[in-house]
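Visitor: I'd like to learn how to read a fold like this one at my desk. Could you walk me through it?

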Amino acid sequence: MPDLSNIFLITDMDGTLLPENKILSDRDKSAIKRFRKDGGKFTIATGRTLQSALKYIKELEIDLPVILYNGSLIYDTHTDDVMFTDELPDCSKEIAAELFKFMENPGGEVLRLDNIYVVCNNEYEKEHTRICQVEPAYATLDSVPSGGWFKILFAAEPSQITKLGEYVKTRNFPVDFVRSHDIFIEMLPKGSSKGAALKEYIKLLNMENYTVIAAGDYNNDIEMLQFADFGTATANAQQDVKDIADITLKNSSDENAIAELIDMIYSGDIKNK
């Protein structure tokens, strides 16, 4: 068996660890449990909120801090300690108002640590809250508590999200945008990403000597995979993700991709740096 004591595996959730039905597979859970038992370190990096990720954190018995809100927060669920945060500027409210007005059928939400605030509701936003299994607060942009805005999610049909993505490129907004699904685009603090958060994570936990293996499937995972020693794309990943990944798995998130990745670590296909 290889030495796993300085191997750190971090994975995206939806489309990577989580299959389409959002139920963790027994095979993936068993592989992660074995990996941790044998000395490997494991955590998640997700665009989800604390509330929507917590059930999976508990189910997997994750004992390390997690990266949430696509990199805007590093949080220790055991101590309830906010280890790192990156918040949207105050002007994000005005930017969001402009973008919701630009959209033909807007859906969207503001995400804070305390809750999800649905500020525009359409069928895509309703589906998002259903998938995340959360009870959001319904509010207007003006009534969402100020400060602590980690990200704003915009939800609409794919063609509208594509149109919105092209529009924001024409505006010099002091924030970043990333597409996290064909029906979602997200506003993040400038320079914020899973990759930037992972870099901060490694410093905070003194893990510079670890071999970092990251897995993802969508554009919001690209910076994380690029920062890792081994960036891994699932079989169902977007082509842009596969293009930058060191490894593309044979299996999709519906076919136990993370278990496949862990098997590769055990077989020695992925070695310590």
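Visitor: How many disulfides does a search of the whole structure find?

Guide: Zero. Keep in mind that this is a predicted model. To judge a cysteine pair, look at the sulfur-to-sulfur distance, since a disulfide needs the two sulfur atoms within 2.5 Å. The closest cysteine sulfur to that of Cys120 belongs to Cys132, and at 17 Å it is too far for a bond.

Visitor: Is Cys132 buried or exposed?

Guide: The cut-off for buried is under 20% relative accessible area. Cys132 has 7% relative accessibility, so it counts as buried. Cys120, at 18%, counts as buried too.

Visitor: Next, the nonpolar core. Which residues touch the most other members of the largest one?

Guide: The general idea first: in soluble globular proteins, nonpolar side chains tend to be buried together. Here the largest core has 45 residues, and Leu17, Phe35, Phe42, Ile44, Leu68 and Ile262 touch the most other members. Helix H9, residues 257-267, gives this core its largest share, eight residues. Apart from this core lies another, of 24 residues, including Tyr117, Trp149, Phe173 and Met187.

Visitor: Why is H9 described as largely enclosed?

Guide: Count its buried residues: nine of the 11 in H9 are buried, so the rest of the structure largely encloses this helix. Among them are Ile258, Leu261, Ile262 and Ile265, along with Glu260.

Visitor: What covers the buried residues of H9?

Guide: The cover includes helix H1 (26-37) and strands E1 (7-11), E12 (211-216), E13 (230-233) and E14 (247-248). Just after H9, check the backbone at Gly268: its phi is positive, about 90 degrees.

Key. Residues are numbered from 1 along each chain as its sequence is written. This is a predicted model: local features need pLDDT of at least 70, side-chain atom pairs count only at pLDDT 80 or more; totals for chains, interfaces and linings use all residues. Side-chain values use heavy atoms; hydrogens and water are left out. A nonpolar core is a set of buried Ala, Val, Leu, Ile, Met, Phe, Trp, Tyr and Cys residues joined through side-chain atoms within 4.5 Å. Buried means under 20% relative accessible area, exposed over 50%, partly exposed in between (1.4 Å probe, protein chains only). Helices (H or I, at least four residues) and strands (E, at least two) are DSSP runs, numbered from the N terminus. Contact means heavy atoms within 4.5 Å.
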